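I opened the model to see how its helices pack and where its nonpolar residues gather. These are my notes.

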Amino acid sequence: LRSCSPGRARRTNASRRACLVARFGDIYAQERLDAETLLRTYISDVEMVQRIIFIAAVESFHAAKMAYRQFKVRVRETLSLGHSGPESLEDTVLDYIVRHEDLYDVQASVNEVIRSMNINPKISFPPEIDFIVISTLIRELCRVAFSMQTLIPPLDIAFGTDGELFSETKYHRSFDSDFTAALVAYHVWPALMENDLVIVKGEAVTKR
């Protein structure tokens with residue numbers, strides 16, 4: 001194992017959090033739009049394109065959180081063999097992960113996301129094309145989601161379901177929404193949460 005400085009994760013928590021929140025916003029503004037442009041060369045249905053991207057975001061967070069938990073277990077098992085302090089084992093584990101996030105197998109998560117998307121009944125794709133075409137978006141989402149698990153407290157995306165009551169605190173309405181409709185027809189982008197508080201609003205479409 002490579003050496004690590006004690007307390008690094010806690011000392012850098014605020015600055016890492018700020019960078020990750022900003023990166024999440026950048027992905028929404030850049031990689032999401034790039035993926036949308038790419039998908040629309042294959043799929044004319046705008047709603048389907050936006051559903052695909054939202055599900056990619058949800059699945060990316062799910063895969064990255066699973067990978068983080070497994071990675072943390074392996075690091076804890078290894079470090080516990082020689083741990084003597086002064087910081088707690090949990091802090092030592094977190095410090096190690098923060099310093100060595102490059103060891104995260106992001107490609108395995110990307111593959112897992114694509115597998116999950118292929119069996120999702122809410123989205124469909126022309127048979128000659130594969131969801132791998134938006135792997136750049138998926139990879140960046142997995143990376144940021146993995147890093148968000150190292151924060152204290154970790155950041156996550158809000159759970160969203162079609163037909164839920166629209167929340168002004170969690171979402172912006174898409175420009176093509178019915179602004180008098182009370183229910184979410186579908187989601188375009190997830191809200192970012194810290195515990196139960198919205199840090200960054202998502203985007204949803206409301207229709208009657």
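**Helix packing and cores**

I looked up H4 and H7 first, and H4 passes H7 in a right-handed crossing (the near helix is turned clockwise from the far one by less than a right angle). Helices here are DSSP runs of H or I with at least four residues, strands are E runs of at least two, and both are numbered from the N terminus.

This is a predicted model: local features need pLDDT of at least 70, side-chain atom pairs count only at pLDDT 80 or more, and totals for chains, interfaces and linings use all residues. Residues are numbered from 1 along each chain as its sequence is written, and side-chain values use heavy atoms, with hydrogens and water left out.

I noted the contact (heavy atoms within 4.5 Å) between these helices: among its residues are Ala56, Phe61 and Tyr68 of H4, and Ile138, Leu141 and Phe146 of H7.

Next I looked up the largest nonpolar core (buried Ala, Val, Leu, Ile, Met, Phe, Trp, Tyr and Cys joined through side-chain atoms within 4.5 Å; buried is under 20% relative accessible area, with a 1.4 Å probe and protein chains only). This core has 52 residues, and Ile52, Met117 and Ile138 have the most contacts inside it. H4 gives the most to this core, with 15 residues.

I then checked Met117. Leaving aside neighbours within four places in sequence, Met117 is in contact with Ile52, Ile55, Ala56, Glu59, Ile123, Phe131, Ile134 and Ile138. Another core lies apart from the largest one and has seven residues, including Tyr171, Val184, Met193 and Ala204.

Note on methods. Buried means under 20% relative accessible area, exposed over 50%, partly exposed in between (1.4 Å probe, protein chains only).
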